[in-house]
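Q: I would like to learn how to read a protein model step by step. Could we go through some features together, with the general idea coming before each case?

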Amino acid sequence: MEGPTRAQTGLQQRQARGGILILGGGFAGGYVARLLGKRGSTIVSRENFMLYTPILPEAASGTLEPRHVVVPLRMMCRHSELVLGRAVSLDTAARTVRVETEVSASTAPVGAAEIHYERLVIALGAVARTLPIPGLAEHGLGFKSLADAIYLRNHVLRQLELAEAALSADDAKRHLSFVFVGAGYAGVEALAELSDLLRDTSRFYPGLKDIRQRWVLVDAAPKILPEIPTRLGDYAARELWKRGVDIRVSTTLESVEEHAVTLSDGSRLDTETLVWTAGVKANPIQGRLGLPLDDRGRVVVNSLLQVEGLGDVWALGDGARVPNEATPGRFDPPTCQHALRQARRLAKNLSGTPRPYRYRMLGQVATLGRHKGIADVLGLRLRGFLGWFVTRTYHLYQLPLLTRKLRVVTDWTVSLFFRRDIAELGMLGHPTSLRDDE
Ligand SMILES: Cc1cc2nc3c(=O)[nH]c(=O)nc-3n(C[C@H](O)[C@H](O)[C@H](O)COP(=O)(O)OP(=O)(O)OC[C@H]3O[C@@H](n4cnc5c(N)ncnc54)[C@H](O)[C@@H]3O)c2cc1C
């Protein structure tokens, strides 16, 4: 039986379409559903879109319209059905998953569904990995979701306005100081894009002409972008340094206060902005699903991407510990390149005779703001404009849906000729009150 029936208890009973239930509509889950094509599946996701994270920093800087960095799941996976909600528990004996439906950031769940599956795919991804650093949870900003990117952009633009309105040069300097902790892809790309944005906008703030902006990049590792070959990583560091970015490697964050941060090198920096991008950890909800997990909370799968001891449950992506036959003894890192290749293998394994997953990375790419980038593709190491061009071309190729590609190309083309927009839209999500006393 397909389709929902509402039981008297208010609990919806459903059957997964095509018998395949996918938890998580991110890179891994979204691509599995897309690649399953007409076989069909049911996706459970908290959002109705897949976020294309590699271009998220460009949404933060305003180069790309935020809506263009996401792909609506209903368009991307035409033969799948979507249940908007949060998977909360799993009964592997009864082959059912309980989902809290109609959840949003601001409202409590108002419904629940029990979805029956024949085969289950766990693709619940990762969450930001924070440490018990004093003040971090209260004052730090994350950079993982579309909401984070929009918030960060508005926050940075607001700091410009506050600096312009500041009563003293010290206050203005504090507003124009930005500290990023975590020098992987997310931190480096976000810092590069946002510092470009501020450089673009500074001519509209004549009062800030003599106030130096301060951008600080902190990482516990001895170099930035450890995933990238040393020569390209060094180039990225030089590029940032030329723009005045203060790079502090082998350094950790000690504490965060409302208006300052303290680092392990003893320095105390006055700032209103601490962005935390220091790694991810497997989605903690997996701990409640009763699946075998490794010491890092990742679902343990075999080379077929099947969960250990459970023939009808499969897992992939950032939330899974995936062995790769092309790199014996090493598990896949949490990247969308790997999630995509795992999804390709899994869609085939769910449709025919399962074969082991095997993927050798073809390269790595990253942008460093406007017209600068690094790319290590098929042994070719490109940097500068060429690196930037190759990075963009790669993302454009990977982005699903022609309409999305066209929207992104249009945004990129417009940004070649015009500067970024500086409207601060922090009031979005807070509509004007109709009460006449406000
Ligand atoms: C800012 C940023 C930049 C990045 N840049 C790059 C890059 O340039 N190159 C690269 O290779 N990788 C990059 N990555 C990493 C890449 O995004 C991840 O490796 C990839 O998204 C992993 O896919 P996933 O499906 O496992 O997880 P996700 O894409 O995170 O998807 C998990 C999904 O599960 C959903 N979910 C969570 N809990 C529940 C629940 N209880 N019920 C239902 N759904 C739930 C989430 O809402 C989400 O949609 C970047 C990541 C970030 C944050």
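**Reading cavities, salt bridges and domains**

A: Let us begin with a lining sorted by residue class: in the second largest cavity, the lining has four nonpolar, three polar and three charged residues. Please keep in mind throughout that this is a predicted model.

Q: Which residues line the second largest cavity, and what is the volume of that cavity?

A: A cavity is read through the residues around it, and here the lining is made up of His-139, Val-256, Glu-257, Glu-258, Ala-260, Val-261, Thr-271, Glu-272, Thr-273 and Leu-274. The volume of this second largest cavity is about 40 Å³. When we look for the elements behind these residues, we find that strand E17 (260–263) and strand E19 (273–276) each supply at least two residues of the lining.

Q: How many cavities of 30 Å³ or more does a search of the whole structure find, and how much space lies in the largest cavity?

A: The search finds two cavities of 30 Å³ or more, and about 80 Å³ of space lies in the largest cavity. Its lining consists of Thr-63, Glu-193, Gly-369, Arg-370, His-371, Trp-388, Arg-392, Ser-415, Leu-416 and Arg-420, and by class these are two nonpolar, four polar and four charged residues. Here the elements are helices, since helix H10 (384–398) and helix H11 (402–417) each supply at least two residues of the lining of the largest cavity.

Q: What should I look for in a salt bridge, and how many salt bridges does the count come to?

A: The idea is to look for a side-chain nitrogen of Lys or Arg within 4 Å of a carboxyl oxygen of Asp or Glu, and by this rule the count comes to 18 salt bridges. One of them joins the side chains of Arg-14 and Glu-81, with 3.5 Å from N to O. This pair links distant parts of the chain, as Arg-14 is in strand E2 (residues 11–15) and Glu-81 in strand E7 (residues 80–91), 67 residues apart. Both Arg-14 and Glu-81 are buried.

Q: Where in the chain do Glu-239 and Lys-242 lie, and is Lys-242 buried or exposed?

A: Glu-239 and Lys-242 form a salt bridge, again with 3.5 Å from N to O. Because the two residues are three apart in helix H8 (residues 230–242), they are separated by about one helical turn. For accessibility, each partner is read separately: Glu-239 has a relative accessible area of 7% and is therefore buried, whereas Lys-242, with a relative accessible area of 61%, is exposed.

Q: What does Asp-246 form with Arg-248, and how does Asp-246 count in relative accessibility?

A: Asp-246 forms a salt bridge with Arg-248, in which the closest N and O atoms are 2.9 Å apart. The relative accessibility of Asp-246 is 23%, so Asp-246 counts as partly exposed, while Arg-248, at 13%, counts as buried.

Q: Which residues are linked in a network of salt bridges?

A: A network is read by following the links from residue to residue, and Asp-171, Arg-174 and Glu-272 are linked in this way. Glu-272 should be familiar, as it is also in the lining of the second largest cavity.

Q: Finally, which domains does the domain assignment give for the protein chain?

A: The assignment gives domain 1 (5–128 + 280–351), domain 2 (136–276) and domain 3 (364–417). To relate two domains, one can take their centres and then their contact: the C-alpha centres of domain 2 and domain 3 lie 23 Å apart, and the contact takes 18 residues from domain 2 and 16 residues from domain 3.

Note on methods:
Residues numbered from 1 in each chain as written. Predicted model: local features only at pLDDT ≥ 70, side-chain atom pairs only at ≥ 80, totals over all residues. Heavy atoms only, no water. Helix = DSSP H or I, 4+ residues; strand = E, 2+ residues; numbered from the N terminus. Buried < 20%, exposed > 50% of the residue type's maximum accessible area, 1.4 Å probe, protein only. 1 Å grid on protein atoms, 1.4 Å probe; cavity = no way out; pocket = protein on both sides within 12 Å on 5 of 7 lines; lining within 4 Å. Points joined across faces, edges and corners; volume = space filled by probe spheres on them. Nonpolar A, V, L, I, M, F, W, Y, C, P; charged D, E, K, R; others polar. Domains from an automatic or database assignment. Contact = heavy atoms within 4.5 Å.
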